[in-house]
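Here's a quick tour of a protein and its ligand, written for someone who likes atoms and distances. Have a look at the model first, then read on.

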Amino acid sequence: TKSEPLLKVSGLQAWYGESHALHGVDFEVRAGEVVTLLGRNGAGKTTTLKCAMGMAPRREGSIRFDGAETIALPSDKIARRGVALCPEERGVFASLTVLENLLLPPKIAPGGLSLDEIYELFPNLRERSTSMGGKLSGGEQQMLAIGRILRTGARLLMLDEPTEGLAPIIVKQIGAAIRRLKPRGFTVLLVEQNFRWASGLADRFYVMEHGRVIDAFAAAELPENMDKLHAYLGV
Ligand code: ATP
């Protein structure tokens, strides 16, 4: 029997004021998958994640999470159902320590990782646990931003450009951590410009253009579709 996907987005439209950003976005993420949204700047990837998190802008259509409609819910209600967004700007508190940052978000559901488990995934965070958030490198901040949502019990982790501006070694570490989340029951929806990195990580890919999903690929279909992808992404 085919169960409903964990996240199912259908006919999603969104507006920033008068500006029509999403024109009917369709995709789904099954429990346990890592799915990546690809597309050029301005295609609507960030807006799609924001909509799934119940954040601005105005939205219409359907966003089903775990079998229930969430399109009209505010973000705190969506968070309590087990959805978390790690935004591009990371949101680390500069004047709190790493440990304080980790302990800040409330637990919304059972099943989140313990501090020890988070430190195991990101050993740099353990070493830096008493450092102020503002003193961290970009890579450490990204690890902290991801680590922080792992504690909460959220099952769907949406990560917006987690590798942006980071050194290759850190990018590798973040990839390794995401790979280890999969067998622990987390589901990951990534927005990523670094196609090479994402291609080693995700089970499936959707390509967005002008506020729509225009194509989809499973990881195994990538090799025979590289020309198409290069054309879509301009890489
Ligand atoms: P990027 O990688 O540059 O963030 P993206 O694919 O995530 O690109 P979005 O940020 O979702 O794209 O933007 C989609 C469209 O919405 C773009 O045309 C963008 O200009 C517009 N947009 C995004 N944020 C706002 C905003 N705060 N106000 C008005 N328009 C916006």
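Contact here means heavy atoms within 4.5 Å. With that in hand, take Ile178 in this predicted model: beyond its neighbours within four places in sequence, Ile178 is in contact with Val34, Leu159, Val188, Leu190, Trp197 and Leu201. Ile178 is also among the residues with the most contacts inside the largest nonpolar core, along with Leu150, Leu157, Leu159 and Leu229. That core counts 45 residues. Apart from it lies another core of 29 residues, including Leu6, Val9, Leu37 and Leu49.

On to the sheet. Six strands make up an open sheet in the order 6-7-8-3-9-10, and the pairing is mixed. Strand 6 (83-86) and strand 10 (212-218) sit at the edges with a single partner strand each, so one side of each has no neighbour in the sheet. On average, neighbouring strands are turned by 20° against each other, direction ignored. Strand 6 pairs with strand 7 (residues 156-160) in the parallel sense, over four bridges, and Ala84 stands opposite Leu157 in strand 7. Helix 1 (residues 45-52) packs on this sheet, touching strands 3, 6, 7, 8 and 9; its direction makes about 150° with that of strand 7.

Now the ligand. The residues around it include Tyr16, Ala21, Arg40, Gly42, Gly44, Thr46, Thr47, Glu161 and Gln193. For a ligand oxygen atom, here are some distances:

| Residue | Partner atom | Distance to a ligand oxygen |
|---|---|---|
| Asn41 | side-chain N or O | 3.4 Å |
| Ala43 | polar backbone atom | 3.1 Å |
| Lys45 | side-chain N or O | 2.8 Å |

Methods:
Residues numbered from 1 in each chain as written. Predicted model: local features only at pLDDT ≥ 70, side-chain atom pairs only at ≥ 80, totals over all residues. Heavy atoms only, no water. Pairing = 2+ DSSP bridges. Helix = DSSP H or I, 4+ residues; strand = E, 2+ residues; numbered from the N terminus. Axes fitted to C-alpha atoms, helices over the stretch in contact; angles between N-to-C directions. Core = buried A, V, L, I, M, F, W, Y, C linked by side-chain atoms within 4.5 Å. Buried < 20%, exposed > 50% of the residue type's maximum accessible area, 1.4 Å probe, protein only. Near = heavy atom within 4 Å. Polar contact = N/O pair within 3.5 Å; in protein donor to acceptor, adjacent residues only side chain to side chain.
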